[in-house]
Amino acid sequence: MAGSQEDQKFCLQEVLDTFKLCLSEKKDVYLEHYVAGWRGLVKFLNSLGSVFGFISKDAVNKINILVTYLHGENGSQYVTVQSMVKYELDNELVDLTKRGSHPESGCRTLLRLHRALRWLELFLERLRTSSEDSKTSVMCSEAYNESLSQHHPWVVRKAAGMAFCVLPGRPAFLEVMNVGPPEQVVAMLGEAVPLISEVYQITEELYAQQNLLDLP
């Protein structure tokens, strides 16, 4: 099945195109494109081997939950992140202080992806600005420590630290992007990272306004 193998290949261009579609004119975040962007990022993680398995498996699980909402009977409420947050809060569908009857709420599910998106944004930005012999393990660890690690238990942090140690060098990462020579990859990252960053910031501000950044 050459086709299915091809479908699994990561392509930075796809992620760029998807995150371009993420924001409406009013700067609302379209959930469908957010999820599609994440599908691309999962391919990126998987193309680097099983190192990021602990993050990509969780991301796939979260993507599936959100897709179920998008295609569910209340799908029209889940068109944007903004409409989802309003709908779930108005209808008390979010466990705000402790895990309760809504452990898989859209708000909580998205928050987990949101935190991981920050890590990838920081990591991709370091990849973009680093030199050829920069250590990807260091870049990845720094990005992780500035973002996701705060939300992970010690055991996971320890496993992550060990996983990052065996990452391939920067040239291998640039090749995985399926864009072309390194300078083209760097140029495209220069376009993609600010888009990811903007989607992240808009979501972050929305969650902060509604006091949702620490959902259990």
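Is Thr203 buried or exposed, and what is its relative accessible area? In this predicted model, Thr203 has a relative accessible area of 1%, and because buried means under 20% relative accessible area, Thr203 counts as buried. To see what surrounds this residue, we can begin with the chain as a whole and then return to the helix that holds it.

The protein chain has ten helices and zero strands, so that every position in the order of elements, read from the N terminus, is taken by an α. With 216 residues, a compact globule would be expected to have a radius of gyration near 17 Å, and the chain agrees with this, since its own value is 17 Å. Its C-alpha atoms fill a box of roughly 50 × 35 × 35 Å along the principal axes, and 48% of the 216 residues count as buried. Among contacts between residues at least 6 apart in sequence, 71% join residues that are at least 24 apart.

The confidence of the prediction deserves attention as well: the mean pLDDT of the chain is 92, yet helix α1 (residues 2-8) has the lowest mean among the elements, 51, while helix α5 (residues 81-90) has the highest, 98. Over residues 1-6 the pLDDT stays under 50, and the model has zero contacts there beyond four places in sequence.

Thr203 itself lies in helix α10, which covers residues 182-209. The 28 residues of α10 should span 40 Å at 1.5 Å a residue, and the end C-alpha atoms are indeed 40 Å apart. Leaving aside neighbours within four places in sequence, Thr203 is in contact with Val29, Val81, Leu110 and His114. After α10 comes Asn211, whose phi is positive, near 55°.

Note on methods
Residues are numbered from 1 along each chain as its sequence is written. This is a predicted model: local features need pLDDT of at least 70, side-chain atom pairs count only at pLDDT 80 or more; totals for chains, interfaces and linings use all residues. Side-chain values use heavy atoms; hydrogens and water are left out. Helices (H or I, at least four residues) and strands (E, at least two) are DSSP runs, numbered from the N terminus. Buried means under 20% relative accessible area, exposed over 50%, partly exposed in between (1.4 Å probe, protein chains only). Contact means heavy atoms within 4.5 Å. The expected span of a helix is 1.5 Å times one less than its number of residues. pLDDT is the predictor's confidence in each residue, from 0 to 100. The radius of gyration is taken over C-alpha atoms; the globule rule is 2.2 Å times the number of residues to the power 0.38.
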